[in-house]
Amino acid sequence: MDNVRNIVILTGAGISAESGIDTFRSDGGLWEQHRIEDVATPEGFARDPDLVLRFYDMRREAVLTKQPNPAHDALAKLDREWSARPNHNLLIVTQNVDDLHERAGAAHVHHMHGELRSALCTACMKRSPWDAPMSDRPACPQCGVNALRPDVVWFGEMPYHMDRIYGFLRRADLFVSIGTSGAVYPAAGFVRDARELGAQTLELNLERSEGSAWFGESRLGPASKLVPQWVDEVLRVS
């Protein structure tokens, strides 16, 4: 770790699953009662906005009852201590729409797929912090128009913060993927980009992902155990 100054960490559904947040790929997961096309696409929202708004109201309400687990806490510790060192940088890029990283105390987080606790106004295109239901069509706090939608990236839409994420990847000395399937792009391609640019690569996952072959090292097990162990190792040897 002597040569590592810049770290990019990608987190996926696996890190939040241990806090009780279902993944859409699991049995009994988020999408079991709904087709993805109906609740996670712009076309689905246009067809039946009431269904989509109710679906995300339910997800938002559920997330508010969950708490960060030891993996979130460990990454927040690393974020705090690593970023305090001169010329050291860390970015957590998450595919998750929950705010468990922030509630654990992490400050350097980019939500590439948006956030459940945020509303996007389709009239003025401004964002507002949001915890209340949207299904009753509340007015936008910014412009007053009743045109709010969940501030999440649906299939077919461009993920957020991509220029900044790729900028960090170009400077990364270490890329770490935690709790991801390796099936959803563009995030699934980050390991190849990082590796081609000369960064060390590490996977921490419950099982091998679809992109495991691209990682220099894979450690398998629950995130709540692997991540604290890895963070302690990083802070001890660097």
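Three exercises with worked solutions follow, on a predicted model.

Residues are numbered from 1 along each chain as its sequence is written. In this predicted model local features need pLDDT of at least 70 and side-chain atom pairs count only at pLDDT 80 or more, while totals for chains, interfaces and linings use all residues, and side-chain values use heavy atoms, without hydrogens and water.

**Exercise 1.** Describe the overall build of the chain.

Solution.
- Secondary structure: there are 9 helices and 9 strands, taken as DSSP runs (helices H or I, at least four residues; strands E, at least two) numbered from the N terminus.
- Compactness: the radius of gyration is 18 Å, close to the 18 Å of the globule rule for 238 residues, so the chain is as compact as a globular protein of that length. The radius is taken over C-alpha atoms, and the rule is 2.2 Å times the number of residues to the power 0.38.
- Extent: the C-alpha trace spans about 55 × 40 × 30 Å along its principal axes.

**Exercise 2.** State how much of the chain is buried and how its contacts are spread.

Solution.
- Burial: 50% of the 238 residues count as buried (under 20% relative accessible area, 1.4 Å probe, protein chains only).
- Contacts (heavy atoms within 4.5 Å): of those with a separation of 6 or more, 64% join residues 24 or more positions apart.

**Exercise 3.** Characterise helix α4 and its packing.

Solution.
- Length: α4 (residues 49-63) has 15 residues and reaches 21 Å from first to last C-alpha, close to the 21 Å expected at 1.5 Å a residue.
- Buried side: among the buried residues are Leu-51, Phe-55, Asp-57 and Arg-59.
- Partners: the buried residues of α4 pack against α2 (36-39), α3 (42-47), α6 (100-104), β4 (114-121) and β6 (148-152).

Note on methods: The expected span of a helix is 1.5 Å times one less than its number of residues.
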